[in-house]
Amino acid sequence: MLEKLITLDKELLIFLNGLGSEQYDAFWLLITKQLNWIPYFLILLFILQKRIGWKNLGIALLSIALLITFTDQITNLFKYNFARLRPCNDLDTKDIIRIVKHSDTFSFFSGHASNSMATMTFVFLILRKYYKYAFVVFLFPLVFAYSRIYLGLHFPLDILTGYLFGIFSGTIFYKLYIIVLRKYFSQNL
């Protein structure tokens, strides 16, 4: 069963990675760098500040910082315990796929996917009562994490697991954020 899942994972990687072409490589290298998303994050900060105010924004940012630290450390714990090679280093895939970027660290599960999904889940849970289309924030983790498959750095299962863990941890940290606001700042949300 596990071998079949891993085989399907590799086949899906080969298909998705194979959709790329050299003319788009620079674009996906741009997408995969967190610093290039700063304008997007600044817009989200502006939207959050307008809806929840400066004090709550400060608490939300502290929560997000703790959330990213948490997801990043758990991701690393999994990576070093599973020690799954990245597609660019995997003997079954490295000679078949397009490798745009190399990395010598382990693959399972994706820190890019878990951190981006956790953060956007947290932001979505705050913004959903203010905006009908708050779900649009999920475009970021979808595009951001796909860049990892495109570049040859992650298998689809790494991304999916990262997404699931991100949703879980983002939801937990949002609930803790609400508890803190209610208990220490007497806010009814």
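The legends below describe close-up views of salt bridges and helices in a predicted model. Residues are numbered from 1 along each chain as its sequence is written, and side-chain values use heavy atoms, with hydrogens and water left out. Because the model is predicted, local features need pLDDT of at least 70 and side-chain atom pairs count only at pLDDT 80 or more, whereas totals for chains, interfaces and linings use all residues.

**View 1. Lysine K10 and its partners D90 and D92**. Side chains of opposite charge can pair when their charged atoms come close. A salt bridge is defined here as a side-chain nitrogen of Lys or Arg within 4 Å of a carboxyl oxygen of Asp or Glu, and the count comes to 5 salt bridges. K10 and D90 form one of them, with N to O at 3.4 Å. K10 belongs to helix α1 (residues 2-18), while D90 sits 80 residues apart from K10 in the loop between α3 (38-82) and α4 (111-127). Helices are DSSP runs (H or I, at least four residues) and strands likewise (E, at least two), numbered from the N terminus. K10 also meets D92 in a salt bridge, N to O 2.8 Å. D92 lies in the loop between α3 and α4 and K10 in helix α1, so this pair ties together parts that are 82 residues apart in sequence. K10 has a relative accessible area of 13% and is therefore buried; the term means under 20%, with exposed over 50% and partly exposed in between (1.4 Å probe, protein chains only). D90 is buried too.

**View 2. The salt bridge between D158 and R84**. The closest N and O atoms of D158 and R84 are 3.2 Å apart. D158 is in helix α6 (residues 156-185) and R84 in the loop between α3 and α4, 74 residues apart. Both residues, D158 and R84, are buried. A network of salt bridges links D9, R84 and D158.

**View 3. Helix α6 and its end**. The 30 residues of α6 should span 44 Å (1.5 Å times one less than the number of residues). The end C-alpha atoms of α6 are 42 Å apart, which agrees. Just after α6, S186 takes a positive phi of about 45 degrees.

**View 4. The packing of α5 against α6**. Helix α5 (residues 139-150) packs with α6 at an angle of about 150 degrees, and their axes are 9 Å apart. Axes are lines fitted to C-alpha atoms, for helices over the stretch in contact, and angles run from 0 to 180 degrees between N-to-C directions. The contact (heavy atoms within 4.5 Å) involves P141, L142, A145, R148 and I149 of α5 and P156, I159 and Y163 of α6.
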